[in-house]
Number of protein chains: 4
Amino acid sequence: MQLAILGSGFIARFYAESLVAQRRKDVVTMIYARDPEKVKAFAQQYDVPHYSTNLEEAVAHKDVDAVVVALPNHLHLQAVLACAKAGKHVLCTKPLGRNAAEALQMLQAVEKAGIVGGYLEDLCYTPKFLKSLSSVKNGAIGEVIWAKSRETHPGPHSDWFWSKEKAGGGCMIDLGCHCVEISRNFIGKDMLPIEVMCWADTRVHPIDAEDNAIGLVKYANGAIGQFEVSWSFRGGMDLRDEVMGTEGTIWLNNFLRTGFELFTTGKGNDYVAEKAESNTGWLFPVGDEVHELGYSHMFTDMFEAIEKGKQPSETFYDGYIVNAILDAAYASARSKQWEPVRI
Amino acid sequence: MQLAILGSGFIARFYAESLVAQRRKDVVTMIYARDPEKVKAFAQQYDVPHYSTNLEEAVAHKDVDAVVVALPNHLHLQAVLACAKAGKHVLCTKPLGRNAAEALQMLQAVEKAGIVGGYLEDLCYTPKFLKSLSSVKNGAIGEVIWAKSRETHPGPHSDWFWSKEKAGGGCMIDLGCHCVEISRNFIGKDMLPIEVMCWADTRVHPIDAEDNAIGLVKYANGAIGQFEVSWSFRGGMDLRDEVMGTEGTIWLNNFLRTGFELFTTGKGNDYVAEKAESNTGWLFPVGDEVHELGYSHMFTDMFEAIEKGKQPSETFYDGYIVNAILDAAYASARSKQWEPVRI
Amino acid sequence: MQLAILGSGFIARFYAESLVAQRRKDVVTMIYARDPEKVKAFAQQYDVPHYSTNLEEAVAHKDVDAVVVALPNHLHLQAVLACAKAGKHVLCTKPLGRNAAEALQMLQAVEKAGIVGGYLEDLCYTPKFLKSLSSVKNGAIGEVIWAKSRETHPGPHSDWFWSKEKAGGGCMIDLGCHCVEISRNFIGKDMLPIEVMCWADTRVHPIDAEDNAIGLVKYANGAIGQFEVSWSFRGGMDLRDEVMGTEGTIWLNNFLRTGFELFTTGKGNDYVAEKAESNTGWLFPVGDEVHELGYSHMFTDMFEAIEKGKQPSETFYDGYIVNAILDAAYASARSKQWEPVRI
Amino acid sequence: MQLAILGSGFIARFYAESLVAQRRKDVVTMIYARDPEKVKAFAQQYDVPHYSTNLEEAVAHKDVDAVVVALPNHLHLQAVLACAKAGKHVLCTKPLGRNAAEALQMLQAVEKAGIVGGYLEDLCYTPKFLKSLSSVKNGAIGEVIWAKSRETHPGPHSDWFWSKEKAGGGCMIDLGCHCVEISRNFIGKDMLPIEVMCWADTRVHPIDAEDNAIGLVKYANGAIGQFEVSWSFRGGMDLRDEVMGTEGTIWLNNFLRTGFELFTTGKGNDYVAEKAESNTGWLFPVGDEVHELGYSHMFTDMFEAIEKGKQPSETFYDGYIVNAILDAAYASARSKQWEPVRI
Ligand SMILES: NC(=O)c1ccc[n+]([C@@H]2O[C@H](COP(=O)([O-])OP(=O)(O)OC[C@H]3O[C@@H](n4cnc5c(N)ncnc54)[C@H](O)[C@@H]3O)[C@@H](O)[C@H]2O)c1
Ligand SMILES: NC(=O)c1ccc[n+]([C@@H]2O[C@H](COP(=O)([O-])OP(=O)(O)OC[C@H]3O[C@@H](n4cnc5c(N)ncnc54)[C@H](O)[C@@H]3O)[C@@H](O)[C@H]2O)c1
Ligand SMILES: NC(=O)c1ccc[n+]([C@@H]2O[C@H](COP(=O)([O-])OP(=O)(O)OC[C@H]3O[C@@H](n4cnc5c(N)ncnc54)[C@H](O)[C@@H]3O)[C@@H](O)[C@H]2O)c1
Ligand SMILES: NC(=O)c1ccc[n+]([C@@H]2O[C@H](COP(=O)([O-])OP(=O)(O)OC[C@H]3O[C@@H](n4cnc5c(N)ncnc54)[C@H](O)[C@@H]3O)[C@@H](O)[C@H]2O)c1
């Protein structure tokens, strides 16, 4: 598979790391970014043969089979439309849109163009998640009655995240999209989300958008999907899922407590982990971030789907449903009552 | 890279799983096993184009660049000699030999043939280990004064393991080889092991060889490498490393406590993990075994080394040192005093 | 201190265990229960000199300084009124009332009688909780913005719990009362609870009352207290608290993961822990339940308060506030919107 | 029970805290220390009615039923002899003697005087240990084949510990005495220790005595008791026990991982835990140290034994055996071979 990556920021690097790791046969052949210097540097660092500062050109390049969108939220729609126009398969980072209306446009565009629209929801591809989900499907915990997912950290690294306009919201759209889709998978994708109750507030940062939120999503069978998100958590990045079923329980810790504990008085200074807050005292690194955060399995699923002409596990349709649930969550935070999910 | 796998048992399957995972560009082109039915079935299962019940033939096949030895311990030497004769790079599973004398023959054979001799010590390639080792090298924990590694489980799955003749010993040669090399890496491969003190006993199983052992390996700088191994541990497979340095501490849990906890009343019946003892109650699966046990990074390192004409991180020389240390351990268990490591 | 215990069921035994442990100078001098056989047996087991099947008589006995109410929820009010009438200090188990109206009557009765009304909220006296709370008060985690408490288990042991009439509700009144008061302590008892949003449902058991509930309690400063309760959790009793502050984080595990792990193939058969679901496989006992669940520190605080003529940390006023919050939670579960706390 | 405490240092305070906690009926009526100011201050702080700078006088005081020896190791013998002379029951902190010869004198003195000689081995009274031991005795893990205990921290707080003469050794006598007795309990006190193999070295501190040691103690039935001790561990105080039985496994964490996790950016400054190394970042406090470290149950057992005229669980005989095992360990560290335990 020959790939173009659009964007050269934080997640673009993660994607590139994941794609060059473990002698994968798929290759990044094109990188697009605005800045001529940065795009060149990125191409050199990851041995990418072509680079461009023109999005349409990058997408249309003959050595590109599929496009990975790694741009800020407000640019997803136009990037996807460009791919649809060029007839290139498109894999878009999360959240799909800033809202369901945008996501629906993207979904319709890929359907019309007859291309694969893959939703890069890495946390639904972590090794722990995949094994858990298959246990759930095998009936190991009976019927799921509650599935909670939590993602909290001290706050994002780039300015655009803090702009409600560009991001589409605060920590809820940024982190909640992961949590919603994780819960939805555990409860079952065939189960419709009905209504949402949500609290969201701006408690710590000097921003317009919410920096803390908790929501409950009720599904057609009565199951509850819960999300807990925060941009003001202290202590690193907390990524945990909990599922209660009638016959069992699942507890996943994806980041801060994975069996890797290191104490240092401070003489070593290397990078510990995404969003770690310090480099002395007790630290909790992750062995292989790109793998444990799901990127390896995610891209494998996406490329196999494209090659075999079928849908990946996470599609634009899923991204759209997530946006619709989050729209209802924002509505509920304002109205202070349960709000219907409009799909 | 085009590969032949010799053997079609437990570890051969692990290797094959690891090699087909994540769209790796390296391919298994040949499988050798004694049984005509089994070898064919293996070839079909993993899409291997060629198979053979003749070891020399398999090794010599033109579509084979490198050979992976996945046979019982007593067959490593002859398999390696066959590869040396055919001039094919050889990657041999652990332990390299049943003793240092065998290992030395293998080391000399690959050196003479001018081929790469890779030692498939997967536990020195787990993501946690690799990150820890780089922290240690960056000085994060100061000087290492003690490095302990522990591998215990309820006992092996195949008959040949229980034969002292075929295996070269009991749990100490089987599991201790991992532990010795893990400690040695943390202490520093440039540091010579000097002497060993060891207790080994047969406490539970009706066998000749030891089913429990503990050893202390003293290095030239006074650092101690400790191993704890057992074939009578109850509760699953316990794989833990602990390192004490003058400026810090490392605790790794590679298997039983990795942030994945599942309780089930027993309705689900799927495979949980290597050596798990039950499938009800609280279970502790591992997300992606081949990755977390180091196979992915191990093969990547081996193939890159071969392609770039350099040595992998774990070589036949390392396997030889491990055997020499274990020889001293067996001597100490008999003599009841510290025994020198003869290298 | 000379004590009467009213009731001889589950919690009465826990209280008695706690009072006889560690050579405490306080003594149980009277036990009341309906059944003549049972009351006598209880008295014998715990060396209690007097016993009675008449509540008023028991309370009025001259060798009784203070009364511990360990009866089902619907009997708390009349027991407290009997103590007020007799002028005996009264320590009442949780929840104080079935609703705020009952609790208010009790609060007014003890105030009028000039006796101490202690609220036996043991989970606000666990050693971990006490140390955490003092860290929070010292500013270790800055301003608390979210305090979550969770109590879940497979369901209660006595029939009366399942009667909405007798218990005042389901798992929310039963377990939520603990969680609400834990969160309230972390947020600060001087901070008023303003409104509550709650989901409650009957998903598993064939009962009238809710067997699962989640609620958010908003305080005057914007902080959120969250509770998660269930009578259908599988795997034991899950008692966890999590607090996010502007400068730190607290995670407490009070029961299922406290550094005590035991695997057994099943030959041992002893009692493992309150609500444990099995006695083979991996088990997670608690060292000293009455101590770790807070009973020791709770009674110490209560008796010191009585002796020194001051209020304990947990009073009838606190019990009343908890009931008022839970009343709002029940209202919200019905109305599907935030409901004000009426105090 | 009326008690004298001899010594007013670190452990004397722990003992006093434990004795005043939870409204215990036993009281400290006398405190002895050399320094007139310090002894007075101690008496005031803990409401002790009598104090003295004369050891014999303190012991002989009419309001003293039993004496708690909390003095440095080299003073245990003379303190015990003074108690024997005065006919007062004596409870002596660990290690009983600096070697078996001293311990034997103490044992013979109490036997001759007809008084109770209690060995204050608190770590054989932690709630987790007590429950584990009773599980082991009920057969929950079958026959014990290996029992390991580990105590490591960054080094002691008082000068006398560093004097081989006063302490009787380094970290092995100081911490190893705990570990040896823990293992011995799990293996069974009726089982004789036969021989010891030990490594001990001075790696970090500028002292005569060992600051790191590991030992194996072989019992008559072939079971192995292992100890790991260090005065150069970084990260706090590590107190862990592990037991392997033919039918099960026990893992106890008594200090650093007990379900209490706190992250702080550093605004709070309170005392976290014995031997904690920092007060920012991730911290792992213990809820109620005197209780979780075993002091409560230890004194309860001691006083009940005295009152009922029977032996406590840990006696001077046990202290003597521990010393004999450690004597063999020191001999082995020197001779580099297994050394017999001479009892
Ligand atoms: N786990 C995950 O899946 C994950 C994690 C982080 C971010 N993301 C998503 O990835 C996307 C990018 O986030 P990020 O963290 O990499 O952000 P970032 O700020 O680090 O990088 C954004 C990139 O987009 C480029 N860019 C910004 N504005 C542009 C414009 N107008 N035209 C062209 N290029 C522009 C920037 O130069 C930069 O290369 C977001 O949608 C985010 O939600 C996903
Ligand atoms: N983590 C690890 O690295 C790891 C784990 C398990 C095993 N191993 C090693 O792998 C090797 C094989 O172990 P296993 O667990 O796969 O054993 P196994 O018994 O499952 O498989 C052994 C294979 O060798 C074949 N074989 C046996 N005798 C043979 C003979 N005389 N001629 C030809 N083939 C023969 C068997 O048919 C089988 O395919 C051993 O050296 C073992 O130490 C390594
Ligand atoms: N952690 C805690 O603080 C905790 C735990 C469990 C229960 N509780 C509380 O303790 C109280 C009792 O619960 P329990 O678990 O002990 O219940 P239980 O059913 O085990 O015991 C109830 C006792 O009350 C007696 N009783 C019942 N009906 C009676 C009546 N009409 N007249 C006189 N006596 C009667 C029963 O005989 C029994 O002795 C409840 O309020 C419950 O919420 C508190
Ligand atoms: N967990 C435990 O059981 C535990 C923990 C720590 C210490 N200990 C033991 O307790 C004993 C004391 O240790 P510590 O940590 O309290 O030491 P410390 O130095 O803190 O206190 C020692 C006390 O003895 C007094 N003292 C010293 N020399 C004296 C002398 N010549 N005459 C009279 N008094 C003298 C000191 O003034 C001080 O009050 C030791 O035997 C030690 O092994 C046990």
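I looked first at Trp160(B) and found that a polar atom of its side chain lies 2.9 Å from an oxygen atom of ligand 2, where I take a polar contact to be a pair of N or O atoms within 3.5 Å, and, within protein, one atom must be able to donate a hydrogen and the other to accept it, with residues adjacent in sequence counting only if both atoms are side-chain atoms. The protein covers 85% of the 830 Å² of accessible area that ligand 2 has on its own, an area that comes from the Shrake-Rupley method with a 1.4 Å probe, and for residues only the protein chains shown count as cover.

I note that this is a predicted model, in which local features need pLDDT of at least 70 and side-chain atom pairs count only at pLDDT 80 or more, while totals for chains, interfaces and linings use all residues. Side-chain values use heavy atoms, without hydrogens and water, residues are numbered from 1 along each chain as its sequence is written, and chains are lettered from A and ligands numbered from 1 in the order in which they are written.

Still at ligand 2, I found an oxygen atom of the ligand 2.6 Å from an N or O atom in the side chain of Ser158(B), and an oxygen atom 2.8 Å from an N or O atom in the side chain of His157(B). Around ligand 2 I listed 22 residues, and among those that come nearest are Phe10(B) and Lys94(B); a residue is near if one of its heavy atoms lies within 4 Å.

I then turned to ligand 1, where the side chain of Asn73(A) has an N or O atom 2.6 Å from an oxygen atom of the ligand, and a polar side-chain atom of Ser158(A) also lies 2.6 Å from an oxygen atom of ligand 1. Among the closest of the 22 residues that surround ligand 1 I also noted Asp122(A) and His157(A).

Next I compared the chains: chain A can be laid on chain B with an RMSD of 0.0 Å by a turn of 180 degrees and a shift of 0.0 Å along the axis, the superposition being by least squares on the C-alpha atoms of residues with pLDDT of at least 70 in both. The two copies are thus related as by a two-fold rotation axis. The same surface serves both copies, as 100% of the contact residues of chain A recur in chain B, contact meaning heavy atoms within 4.5 Å.
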